[in-house]
Number of protein chains: 2
Amino acid sequence: LIELAKQVLNRQTRGIARAITCIENDHPAREQLLSALHPHCGGAMIWGITGPPGSGKSSLVDQLISRQRAAGKKVAVIAIDPSSPFSGGAILGDRLRMQKHATDTGVFIRSMASRGHLGGVASATADTIRVLDAAGFDLILIETIGVGQTEIEIVEMADVVLLTLVPGLGDEIQALKAGIMEIGDIFVINKSDKEEALRVKTEVEYVLSLKYHDHPELRSPVVMTSVLLNSGIDELEQSAEAYFQKLKSGGQLEIRRRKRIASELTALLNAKLSVRIHQVLDLQNHIERWVEQVYLQKTSPYALINQQIEFIFREFKNS
Amino acid sequence: LIELAKQVLNRQTRGIARAITCIENDHPAREQLLSALHPHCGGAMIWGITGPPGSGKSSLVDQLISRQRAAGKKVAVIAIDPSSPFSGGAILGDRLRMQKHATDTGVFIRSMASRGHLGGVASATADTIRVLDAAGFDLILIETIGVGQTEIEIVEMADVVLLTLVPGLGDEIQALKAGIMEIGDIFVINKSDKEEALRVKTEVEYVLSLKYHDHPELRSPVVMTSVLLNSGIDELEQSAEAYFQKLKSGGQLEIRRRKRIASELTALLNAKLSVRIHQVLDLQNHIERWVEQVYLQKTSPYALINQQIEFIFREFKNS
């Protein structure tokens with residue numbers, strides 16, 4: 001274990017990969033490893049990138065990696081990926097990306113499945129961020145492939161959220177867009193070479209002008225990018241860095257990070273309390289009996305749990 | 001409250017809408033209402049519809065409503081929608097759909113935000129299904145707009161999951177597709193009028209043939225549909241109904257429903273245990289102190305919680 005922590009701290013690719021696997025499998029050593037790495041965390045800047053499928057997030061991330069590397073920064077990417085064992089793991093595009101940077105120890109890219117984590121993907125992502133932070137990466141990018149409630153929660157673990165939008169993806173995408181607009185710190189209108197990109201920008205700016213009517217100084221930057229024309233990506237990089245610095249000097253970064261720690265501690269405490277109570281009282285056994293009663297409609301879930309909870313508390317106090 | 005339950009049982013649209021709002025706001029009457037309705041549940045067939053954005057789920061749902069109505073069935077739709085207060089609530093398409101069926105009391109359509117539910121959107125969806133079930137709808141359709149981990153969990157509350165795929169949506173959609181393939185009971189290749197639809201069908205059938213190599217009789221049906229050509233939708237309807245009957249007669253429906261009750265009871269119990277312990281011990285106060293220690297890197301989340309949990313248990317037993 002101490003060896004593994006050392007490898008992570010020395011930014012050895014194999015050690016980092018093993019540490020993340022240990023998190024993903026919820027290996028018994030996970031907690032100790034994270035505790036050992038914790039004092040070395042806090043130095044990285046964390047960007048989240050999300051947006052509807054087809055908005056070109058992966059290509060943007062690729063561009064950001066190259067630029068940050070050129071500036072001498074060490075970059076790690078966590079791609080939250082809905083692929084499953086059934087379908088064969090990490091997606092092709094990611095494998096190609098990884099190959100491209102395979103010989104560069106200043107880049108680390110890892111796909112992480114959004115399913116099948118015992119402690120939940122949010123907790124696995126938080127721990128993975130810590131491993132990469134301790135390993136000394138300057139920038140950690142979290143990219144989501146799916147776009148839904150869990151993915152939004154994950155990307156909100158970042159210090160700065162880049163929300164990628166794109167012209168002309170149809171009605172359903174518009175709805176998705178509507179649902180995620182409020183989580184963006186920086187709005188990226190990608191594929192700016194396309195017709196209608198300007199219209200999307202105007203729309204977004206209009207919505208933002210309403211939202212920040214009384215606080216125009218807080219208005220999120222809107223940046224147009226095109227990987228095809230290789231334009232706007234410097235501006236995006238600068239906007240994100242400037243936003244991070246503004247958060248930091250204004251004290252909001254500390255507030256965000258403390259909030260994140262609070263929700264992490266609450267989740268961890270709840271999970272451990274529940275595991276412990278389940279074990280002590282052998283609740284699994286109770287639940288099997290209760291399912292019978294609810295299935296046969298003798299009682300409803302609420303009535304049953306409300307009635308049993310007092311009993312459980314008494315039983316637990318006497319255990 | 002008894003009045004509201006009566007209105008629901010009489011399938012009065014306003015009563016049903018009020019009951020769902022009561023769930024969404026986690027109104028104090030929620031639990032009692034659900035308990036009152038519970039004995040009247042269990043009669044509805046529940047289909048979930050999911051798939052990448054742009055795969056035409058809404059149009060398919062629209063077609064299914066019309067056909068089921070023509071056959072005299074009462075149909076309710078819950079559309080899980082990522083839109084937020086900031087962006088202005090339910091999406092345009094949904095509002096149009098609702099208008100279309102506004103005078104038909106045999107149809108009920110409701111958008112439900114995936115964010116901002118105190119008890120979580122999964123629990124709100126489960127309770128809404130119960131309200132609609134008690135109200136006597138024959139078919140309840142759950143449609144997701146977003147596609148991510150939470151949305152997958154929601155659609156798995158259905159008895160039968162229709163997974164909608166479509167040709168030519170690019171790489172990222174392919175990845176999404178990969179992630180959701182395993183949750184489908186019926187595979188719908190929509191927009192079959194498009195070139196390449198047949199190729200998607202062949203691909204899906206190949207994957208399914210590998211998955212069910214040893215149990216060909218369990219292989220999921222693959223149905224090609226086109227709303228444009230008005231083709232395949234009868235077949236889809238029949239496949240889903242036949243699949244439901246097969247589940248029912250084979251005993252798998254009971255197993256699925258019991259599993260759903262078990263996870264619901266576990267979630268409910270854990271939530272109530274945690275609320276209670278937090279109140280009794282004023283944990284919020286503790287957590288604020290702990291955040292300080294973790295933020296200043298004096299200790300790690302795991303080390304801290306592991307150390308505190310024994311203390312919390314002792315304190316709780318003595319409370």
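The following paragraphs describe a predicted model of two chains, A and B, and the way they meet.

Confidence in the model may be considered before its geometry. The predictor assigns the complex an ipTM of 0.85 and a pTM of 0.82. For chain A the mean pLDDT is 86, with 89% of the residues reaching 70 or more. Residues 84-92 of chain A are a stretch to be read with this in mind, for their pLDDT is below 50. Beyond near neighbours in sequence, that stretch has 21 contacts in the model.

The relation between the two chains comes next. Two copies of a chain are related by a rotation about an axis and a shift along it. Here, chain A is superposed on chain B by a rotation of 180° with 0.0 Å of shift along the axis, and the RMSD is 0.0 Å. The two copies are therefore related as by a two-fold rotation axis. The interface residues agree with one another as well: 100% of those of chain A are also interface residues in chain B, so the copies meet through the same surface.

Turning to the interface itself, chain A contributes 87 residues to the contact and chain B contributes 87 residues. Between them the chains bury about 7800 Å², of which 66% lies on carbon and sulfur atoms. Polar contact across the interface of chain A and chain B involves 24 residue pairs, both residues being at pLDDT 80 or more. Several helices of chain A each supply at least two residues of the side that touches chain B, among them helix 3 (30-37), helix 6 (121-134), helix 9 (197-211) and helix 13 (301-317). The largest share of this side, 17 residues, comes from helix 11 of chain A, which spans residues 252-281. By residue class, the side of chain A that touches chain B divides into 41 nonpolar, 26 polar and 20 charged residues.

Charge pairing forms the last part of the picture. Side chains of opposite charge can pair when their charged atoms come close. Across the interface of chain A and chain B there are 4 salt bridges. One of these joins Glu310(A) to Arg276(B), with an N to O distance of 3.1 Å. Over all chains the count comes to 36 salt bridges. Within chain A, Lys74(A) pairs with Asp138(A), their closest N and O atoms being 3.6 Å apart. Lys74(A) lies in the loop between helix 4 (57-70) and strand 2 (75-81), and Asp138(A) in the loop between helix 6 and strand 4 (139-144), so this salt bridge ties together parts of chain A that are 64 residues apart in sequence.

Definitions and conventions. Residues numbered from 1 in each chain as written. Chains lettered and ligands numbered in written order. Heavy atoms only, no water. Contact = heavy atoms within 4.5 Å. Buried area = accessible area lost by both parts, 1.4 Å probe. Salt bridge = Lys/Arg side-chain N within 4 Å of Asp/Glu carboxyl O. Polar contact = N/O pair within 3.5 Å; in protein donor to acceptor, adjacent residues only side chain to side chain. Helix = DSSP H or I, 4+ residues; strand = E, 2+ residues; numbered from the N terminus. Nonpolar A, V, L, I, M, F, W, Y, C, P; charged D, E, K, R; others polar. Least-squares fit on C-alpha atoms with pLDDT ≥ 70 in both. pLDDT = per-residue confidence, 0-100.
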